[in-house]
Amino acid sequence: MDGVVEFPAERNRADPGGFRVDSIETFDGLLALKSEWQRLERLDPENTVFLSWDWLAQAFRQTVGRWRVLAVYHNARLVCVLPLKYRVHWSTTTEAFQSEIEAGGRLLWSEYTGFLCDPAVETDAIPMLSSYLRGLPWSRLNLRYVGSEDRSALFMGGFSQAEYSKRWEEYRINKGAVDNLSCPQIALPSDFDTYLNQGPSKNTRQKIRRFTRKYIESGELTFAAATDETVKEDLGVLLRFWMLKWSKTKGAEGARLVASNYLRMLSTAHRLGLLYLPVLRRGQQPIAALGHILDPKMKRVHFIAAGRDETEQGAYIGLLMHSQSIRWAIDQGYAVYDFCHGDEPYKFSFGSNAIKLKSILIRRRELPRGGRSLDPLNHREALARVLEFVEAGKNKRAALGCRQLLSLTRPTVPPK
């Protein structure tokens, strides 16, 4: 029927087996999920801090209109959640706005994304998510850094090859030299000496012991974690060093953008009591710093960013910083030291073994008629883009965008 939005207006969908999917799009709705979400965290062995309610609430609090959480219930119990991030794309081919979907945690640069799910029902619950998404308006869905291959396959299986192109994509950086879906991790023993004897190569082990004696035990250098009183200054040290190095290759503006994302991410971790930020100093002068995010529930330490004084000579700094951080993690009872994204060779010198994340890419082969691939969730962002078109003198685009936005407000049932 002309003028009728083609996608269902309801915010939940049920199946005969007692499963239903709710779409959560407000922060009040997210608050209502808190206790059930946290119960689900305790059930899921594939949980990470980046899928926790506490973490994602920080990502979503100030970004309403840019995210949606799909929540699967079995009868009255929450059994699965999929956090999603939305962005607006102007298609020059269709001359219309399109909604594109990413993993929700990427609003806060989360290292791991995907599904939080009760493993007892994942084979039923995850296909429900695919079914729900098939009924929503979007053109492209890219979930990067998903931890589970099995869950990814269940999700992708819900999209037919006839209607969707779908694949696991590679994601390499640094001109293809680094696989950014590879995450080197160290399984930590109960004491540091055991780690040294079983983890690193003989050459690395000897260097760690020699550098520790020469620089730390001698008192020439100090290695200490940021406190509430020093965290602002120490974050500045880390990011200043990081920018000095990477501005050369990323450009000043690109490096500032990445550094601001790191600042948001690590500041959020500090607010949640999940930041470990050690600084290496000679006297009062900082030489290097490492930023980590802690996952006490799953007993993991995630390395996020490093910065060092590039004028300081010597190959000992990186080795000393990571080895002392690993010692700290072992002393605190953590089970995994995670180097996160990227298979750079130095990470394996510490005795790491890599896990491989998944990146899901799904595209609609044919978009809905009339340019209706824009989700109403994105109307404010699309309206802002229309204003940009007007200010840039792109009047045709502005007019087309306005017509598309007007179509989103038409009633589902035409007036009599």
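**Helix α3, its strands and the largest pocket**

Helix α3 (residues 53-60) is largely enclosed by the rest of the structure, because 6 of its 8 residues are buried. The model described here is a predicted one. The buried positions of α3 are W53, W55, L56, A57, A59 and F60. These buried residues pack against helices and strands from several parts of the chain: α1 (27-32), α2 (34-43), β3, β4, α9 (252-271) and β15 (285-295).

One of the buried residues of α3, W55, is also a contact of I293. Apart from residues up to four places away in sequence, I293 touches V49, F50, W55, M265, L266, A269, L274, R300, V301, H302 and I304. I293 belongs to the largest nonpolar core, which has 51 residues. Along with L30, W37 and V69, I293 is among the residues with the most contacts inside that core. A second core, separate from this one, has 32 residues, including L84, C117, L133 and M156.

Strands β3 and β4, which the buried residues of α3 pack against, are a good place to continue. Strand β3 (residues 67-74) runs antiparallel to β4, and 8 bridges join the two. Within this pairing, V72 stands opposite C80 of β4. The two strands form a hairpin with 2 residues between them, and N75 in the turn has a positive phi of about 60°.

Strand β4 (residues 77-91) is mostly covered, with 12 of its 15 residues buried. Besides β3, β4 pairs with strand β6 (residues 116-117) in the antiparallel sense, over 2 bridges. C80 takes part here too, with C117 of β6 as its bridge partner. C117 is also one of the residues of the second nonpolar core. A further antiparallel pairing, of 8 bridges, joins β4 to strand β5 (residues 96-103). Here R87 has E100 of β5 as its bridge partner, while H89 stands opposite Q98. β4 and β5 likewise form a hairpin, with 4 residues between them, and E95 in the turn has a positive phi of about 50°. In a regular strand the side chains alternate between the two faces of the sheet.

Like β4, strand β5 is mostly covered, and 7 of its 8 residues are buried. β5 also pairs with strand β7 (residues 140-146), this time in the parallel sense and over 3 bridges. E100, the partner of R87 in the β4 pairing, has R140 as its bridge partner in β7.

Attention now turns to the open space in the model. Rolling a probe the size of a water molecule over the atoms shows where empty space is left. The largest pocket holds about 1400 Å³ of space. Its lining has 47 residues, of which W242, W246, Y262, I304 and E344 are the closest to the centre. I304, one of these, is also in contact with I293. By class, 26 of the lining residues are nonpolar, 9 are polar and 12 are charged. Strand β16 (residues 300-308) contributes the largest share of the lining, with 6 residues.

Two further strand residues complete the picture. V336 lies in strand β17 (residues 336-338) and counts as buried because its relative accessibility is 17%. Leaving out residues up to four places away in sequence, the contacts of V336 are Q185, I186, L188, K299, R300 and V301. R300 and V301 are contacts of I293 as well. V336 and Q38 are 298 residues apart along the chain, and their C-alpha atoms are separated by 22 Å.

D179, in strand β10 (residues 178-179), is buried, with a relative accessible area of 7%. Beyond its neighbours within four places in sequence, D179 is in contact with E170, Y171, R172, G342, D343 and K356. D179 and V49 are 130 residues apart in sequence, with a C-alpha to C-alpha separation of 23 Å. V49, in turn, is one of the residues that I293 touches.

Methods:
Residues are numbered from 1 along each chain as its sequence is written. This is a predicted model: local features need pLDDT of at least 70, side-chain atom pairs count only at pLDDT 80 or more; totals for chains, interfaces and linings use all residues. Side-chain values use heavy atoms; hydrogens and water are left out. A nonpolar core is a set of buried Ala, Val, Leu, Ile, Met, Phe, Trp, Tyr and Cys residues joined through side-chain atoms within 4.5 Å. Buried means under 20% relative accessible area, exposed over 50%, partly exposed in between (1.4 Å probe, protein chains only). Contact means heavy atoms within 4.5 Å. On a 1 Å grid over the protein atoms alone, a cavity is a set of points where a 1.4 Å probe fits but cannot get out, and a pocket is an open set with protein on both sides within 12 Å along at least five of seven lines; lining residues have an atom within 4 Å of a point. Grid points are joined across faces, edges and corners, and a volume is the space filled by probe spheres set on the points. Ala, Val, Leu, Ile, Met, Phe, Trp, Tyr, Cys and Pro count as nonpolar, Asp, Glu, Lys and Arg as charged, and the others, Gly among them, as polar. Two strands pair if DSSP finds at least two bridges between them.
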